[in-house]
Amino acid sequence: MERTAPADETATPTPTGAPVSDMPGLLDGVPRQRAGGREPYGTAAPGVPEPTAVGKPRPRLGVLRPWRLFPTPTGTPFTFGYAVVLCVTSLISAHADPALVHALLQGSSTDVAHLVRTPELVLVGSALWLAGGVTSPFAIGFVLVLTALERRIGGLRTAGVFLLGHVLATLATEVPVGLAVLAGQLPESSLHRLDYGVSFGVAAGTGALAGLLRPWLRVPLLAGFGGMLLRDLLALTDPMTNWGHLIALAIGVATWPVVRRWRKRRAGSELRGRPFRSAGSASRW
């Protein structure tokens with residue numbers, strides 16, 4: 001029960017410099033007591049949360065959010081929009097007239113003959129089709145890999161990594177074919193080889209994403225994906241395409257210094273743009 005002074009008593013002012021034990025209303029031997037109902041400077045009142053410093057967010061909780069594995073219109077607009085286009089072209093290839101589909105694929109093929117005549121058109125057009133349909137491994141890899149990469153470095157940079165792998169791996173596999181035809185090592189029909197799909201870009205994105213993951217995720221990803229590519233190469237079903245996949249993966253790995261800088265820069269800009277929050281306020285983390 002709290003002590004109160006009688007009504008007819010008046011408070012006696014405490015002389016400056018008097019010890020705490022001589023002040024009325026305080027107990028001897030009890031530290032950090034309030035004098036006159038005031039808190040010491042810099043101490044928050046009971047029940048009021050102390051504000052956190054600007055730029056020092058609360059630590060994230062290890063909450064599993066599986067929905068972030070998939071693209072969304074606002075979170076990953078590049079991957080989401082690209083996936084919609086691939087779904088449309090997959091429906092066309094599955095339900096349109098076979099002769100029309102063959103003509104479209106042949107016109108989009110990045111074979112040597114088309115690369116010599118219209119390189120820009122076929123390099124873009126060949127990346128609008130899915131070889132094997134929406135259930136193929138590279139279609140699933142496209143969604144998972146590009147979503148994870150875009151959430152870390154942004155849409156434009158993810159598109160740059162994808163195009164870098166798609167273009168360089170295509171040239172690295174088709175230029176030797178053209179030289180071999182000129183040298184008489186391959187028949188002229190090799191100049192019109194049907195070549196299309198997103199697999200080179202996905203392989204490059206996988207290599208780039210591995211550099212942004214922790215070692216316990218990076219090593220299994222590179223070992224599993226690289227082992228799958230080596231197995232396909234040894235099977236000799238399509239050596240040029242299989243070599244292109246390995247080249248694209250190596251291109252993605254070569255971008256590690258760049259994508260790591262991009263990730264740090266993106267994380268810094270997000271931190272500077274985050275508004276002030278007190279410790280008791282709601283958090284979006």
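1. The chain folds into ten helices and zero strands. Helices here are DSSP runs of H or I with at least four residues, strands are runs of E with at least two, and both are numbered from the N terminus.

2. A word on what you are looking at: this is a predicted model, in which local features need pLDDT of at least 70, side-chain atom pairs count only at pLDDT 80 or more, and totals for chains, interfaces and linings use all residues. Residues are numbered from 1 along each chain as its sequence is written, and side-chain values use heavy atoms, with hydrogens and water left out.

3. Next, confidence. The average pLDDT (the predictor's confidence in each residue, from 0 to 100) is 81 for the chain, and 73% of the residues score at least 70. Among the elements, helix 7 (residues 199–210) has the highest mean, 97, and helix 10 (residues 256–273) the lowest, 87.

4. Take care with residues 1–12, where pLDDT stays under 50 and the model has zero contacts (heavy atoms within 4.5 Å) beyond four places in sequence. Residues 275–285 also stay under 50, with 19 such contacts. Where pLDDT is low, the predicted coordinates should not be read in detail.

5. Now find the largest nonpolar core, a set of buried (under 20% relative accessible area, 1.4 Å probe, protein chains only) Ala, Val, Leu, Ile, Met, Phe, Trp, Tyr and Cys residues joined through side-chain atoms within 4.5 Å. Of its 32 residues, Tyr82, Phe142, Leu149, Phe162 and Val198 touch the most other members. Helix 5 gives the largest share, eight residues.

Definitions and conventions: Buried means under 20% relative accessible area, exposed over 50%, partly exposed in between (1.4 Å probe, protein chains only).
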